[in-house]
Amino acid sequence: MIINHPILGPRDAQEFVYLGDASLMNRPDTMTAGIEAFHDWLYTRDNPAGLHRELWYHEQGDRSWLVVTRNTLTHEITQVELARDVALALRRSK
Amino acid sequence: MTQSHRIAGGQIDRSTTLRFSFDGQSFAAHPGDTLASALLANGVRLMGRSFKYHRPRGPLSAGSEEPNALVELRTGARREPNTRATVVEVFDGLQASSQNRWPSLRFDAMAINDRLNSFFTAGFYYKTFMWPASFWEKVYEPIIRRAAGLGSLSREEDPDEYDKGFLHCDLLIIGAGPAGLMAALTAGRAGVRVILADEDFRMGGRLNAETHAVGDQTAASWAAAAVAELASLPNVRLMPRTTVLGPMDHGIYSAVERVSDHLPEPLPGKPRQTLWRIYSARAILAGGATERPIAFENNDRPGIMLAGAMRAYANRWGAKAGDRIAVFTNNDDGLRTAVDMASKGVDVVAVIDSREGGDLLPGIRHLRGAVVTDTAGRLGLTGITLRQANGRAETLQVDALAVSGGWNPNVNITSHHRSKPRWDEGLLAFVPGEGGPSGLSVAGAAAGVMSTQGALHTGQAQALAVLESLGRLTKPADLPQAEDAPVRISPLWHVAGGKGRAWIDQQNDVTVKDVVLAHQENFTSVEHLKRYTTLGMATDQGKTGNVLGIAVMAGLTGQTIPETGTTIYRPPYTPVAMGALAGRSRGPEFKPVRLTPSHLWAKEQGAVFVEVGNWLRTQWLPKPGETTWRQSVDREVLATRRSVGICDVTTLGKIDIQGTDAGAFLDRVYANTFSTLPVGKCRYGLMLREDGMVMDDGTTARLGPHEYVMTTTTANAVPVFRHLEYVRQCLFPDMDVQLISTTEAWAQYSVAGPNARKLLEKLVDQDISDAAFPYMAAGHITVCGGLRARLFRISFSGELAYEIAVPTRYGDALIRRLMQEGAAFDAVVYGTEALGVMRVEKGHVAGNELNGQSTALNMGLGKMVSRKKDSIGMVLSQRDGMTEPDGYRLVGVKPVDPARAISAGSHFLEIGAAPVAANDGGWLTSVVYSPHLNSQIALGYLKAGDQKIGRRMRAVNLLTKVDTEVEIVSPHFLDPMGERLRG
């Protein structure tokens, strides 16, 4: 696979490490959320046949974490964002 | 032996004669020959034995789909089994031998299996080797293993090199037949970067095997001219001997180039094979088609081959398959073989055409509505029996039979991403279906366009479409006139009615009877059929037999062929040598080796090294006279605790953390608090995963208001750094904090023991007295009169200890200086074994305890998890199951009788309890021999262990047969109050 890095351009997927569902970025508030909310956030994730937003780490590169939108059926990648930008937007929306 | 079956014509260089041997016998060949064509030219038809029944076999095909003619090439370390004689290029001195036979190819004792064939039907192994269970490992498996497999490995290391490479182009064309050549000419002339890959050593595909014309030239001449023009274009890369194995994702294609297989050995500096990764957003598959046989009794004898292969041997290689031949066909293409062979002067005794009515070939006995029902000839065909349209049987004396059951487009690569091929009722074959790999189009016979004219046209059309997508709209060139015959075929899969065996998959000896049995036993889905009968397995993956098998099953179930469907196509298209997949990653280059700064010094001293991840660390350092590792390790431990020992701890991960939020960031990633740590101090940190389990531990020092340096365990240096970047970028993007791994930047040594300070005072430029640099102090210092360094007063051994770091390039000088100054104190270097002994004596956890399943509470460190702040893992470390008061707790263990052995992995059992899972109390994680306690000691996780100190239990290991009475003690075996640390 080729991931179109927002800063570095197209890079081979071998340069990256995969983590999983980008919903991991939507971490509950530790001081208020409680065990149930944390459990749901960490363990109960969707496993879609289709578009999936997921976290990839450019370990053999610039160490950016990326949010990659990939079709799990075709491996087509439709969007690649810097995870930090996504995380900042998420913060602002809270 | 003379080339008795060599005839005129063909694309071989008769001006040069090559010598090669097969089973020790010497033969002549010419450049351009394959091993199969050369053997046929020499009148040799018998080339192999089948897998199960050891039936004598000759080549069925003239290409990579070959199921039968599998041979071993070369001798010694270069011996290679299961090569297809049909694609092996002959070179002078080639040594080939047959396989799967004993004692000889002509007389094979295992051919007894053929007589016993009623036992060896589908499912034989599943049904026979079931019971008794105890027979499996000792009796059945060795027998099966001996009987299985075709060739044998040399068991020597491959002397050749294999390489990997990367290529980029605008258009990859797979296959260099008429469609591929026309596509390459169209795109190449337009100036785009083209790669044209073909598995054959001579490009041209079927153009080299047919006699018809393209324009005003022969097909082969047109192909040669096209290849010459392409070779002259700088933007076109021709890759013969290159098989495209399959499409990966996003326009990446895997291909293997057999750089040196056609040579006795690779030229200097050249690899044997290269595995290419070809990046091309656009590709055209022009992979042609593969002919399939018809199933009839004894259709597997040497001399029976596919019709297209027989005329390829005659037309391309000047080799006739026999003197008196017959042709059995259900389609017009088979008739070409009769015409071509007759024109070569071969006696064509009859054409047995299963189709009723229609035109007859002039000058040849052409029987319509007839079928071949049986054949004769043990080691090679001597005759056939046919049944005419009127039902009359007739026997013909022939030494070769050409069979054509129609052609299957090579759809494989279009289906590697799970696109299902579509059944074409006109062709009676599967053609590429919808939804193939993105960017891949198909031309020529692979697309089901079977005529030469059609191939040229679709090759050009697909290339023009690619050019248009690249913004290079081009006017098409005029196409030469070429053969444009329609496909005329009637279904005939299996000649029914006989009692004998009719082969479908010749390599795996799958016959019509096996398919019938699979149906009878309800293995009717194609995937079940494949596994139950082995249809379509092994080196040829059923390229000739699969569709036939599917059709026979469809006939049995009453479903149509498209309803029955195909098995899933997967890469690689043809088998790939493991060496090519490994490339250069073998032997010492299998993975990188990381050397510590003291490596050279330690090597000079005769150190024993141990692999720790990619690192090589000193395991122990034997002195003269020491004969066992224990002597060395005991000495290193005792000397360190008595005076001073030095250990290279560079391998531990080091991460610099800077920024105004560095302290707040550490509060998030560690369960305990670091923002309150004073500048110039270290603290032990416990890092949890979000699920509440311990991820890693280590000390982190604060070197300035906004500057920390974290250490991680050696094993987790990379994962922890990745985790910190994740927390920084994905969870707390507002924080002002920057990270950099400095593991390689600093050479770091632990200096431990009562004389550690005295030794360091000889090197360090500053005051490091206990008052000036107390326990857990940290800071920037200089050594040896000005070299910048870092000093940390931390201890893993339990002794007065420091870790001193200098820039890596000074690491070698520092170990030599420490040992030079340390001579006054009898300083020793200790390795990872002594390190392990001392940390167990002190009760510190390490990798065996940090196994990803343990919590802070398990380790006795539950109080370290602060509930007053947000940290990774804090919430879920408090969930049910993690906080039980009688859960596992870290304990120390020692045998009641110090002479008795204990072993890591042993389980805790109450005295008198049976060794069953229900009585399991926990396990021993780490066991060492303590020279201070003169006994083995251990750490372990014991249920409610903190309430069992002083209790006697058993440590039982059923594998090592150890059952020892032990005493549960505090994990701190030595200096529990930590007085040594603060000395």
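**Close-up views of chain B and its interface with chain A**

Arg355(B) is buried, at a relative accessible area of 7%; buried denotes under 20% relative accessible area, exposed over 50%, and partly exposed the range in between (1.4 Å probe, protein chains only). The model is predicted: local features require pLDDT of at least 70, side-chain atom pairs count only at pLDDT 80 or more, and totals for chains, interfaces and linings use all residues. Residues are numbered from 1 along each chain as its sequence is written, chains are lettered from A and ligands numbered from 1 in the order in which they are written, and side-chain values use heavy atoms, with hydrogens and water left out.

**View 1. Surroundings of Arg355(B) in a loop of chain B.** The loop that holds Arg355(B) runs between strand 21 (347-353) and strand 22 (366-368). Helices (H or I, at least four residues) and strands (E, at least two) are DSSP runs, numbered from the N terminus. The side chain of Arg355(B) forms a polar contact with the side chain of Asp353(B) at 3.0 Å. A polar contact is a pair of N or O atoms within 3.5 Å; within protein, one must be able to donate a hydrogen and the other to accept it, and residues adjacent in sequence count only if both atoms are side-chain atoms. Beyond neighbours within four places in sequence, the residues in contact with Arg355(B) include Asn330(B), Asp332(B), Arg368(B) and Arg488(B), where contact means heavy atoms within 4.5 Å.

**View 2. Glu521(B) between helix 11 (512-520) and helix 12 (526-533) of chain B.** Glu521(B) is partly exposed, with 29% relative accessibility. Its side chain makes a polar contact of 2.3 Å with the side chain of Tyr532(B). Leaving aside neighbours within four places in sequence, Glu521(B) is in contact with Lys127(B) and Tyr532(B). Glu521(B) and Gly123(B) are separated by 398 residues in sequence, yet their C-alpha atoms lie 9.8 Å apart.

**View 3. Helix 22 (residues 832-842) of chain B, a mostly covered element.** Of the 11 residues in helix 22, 10 are buried, among them Leu835(B), Val837(B), Met838(B) and Arg839(B). The buried residues pack against strand 34 (608-612), strand 35 (615-620), helix 17 (629-642), strand 36 (645-648), strand 49 (922-930) and strand 50 (935-943) of chain B. Gly843(B), just after helix 22, adopts a positive phi of about 80°.

**View 4. The interface of chain B and chain A.** Here 32 residues of chain B are in contact with 33 residues of chain A. The two chains bury about 2900 Å² between them, with 58% of it on carbon and sulfur atoms; buried area is the accessible area (1.4 Å probe) that two parts lose on being put together, summed over both. In chain B, His250(B), Gln729(B) and Val875(B) lose the most area to chain A, together 21% of what that side buries.

**View 5. Polar and charged pairs between chain B and chain A.** Six salt bridges are found across the interface, a salt bridge being a side-chain nitrogen of Lys or Arg within 4 Å of a carboxyl oxygen of Asp or Glu. One salt bridge joins the side chains of Arg91(A) and Asp734(B) (3.5 Å, N to O). Between the chains, 19 residue pairs are in polar contact (both at pLDDT 80 or more). Helix 19 of chain B gives the most to the side of chain B that touches chain A, with eight residues.
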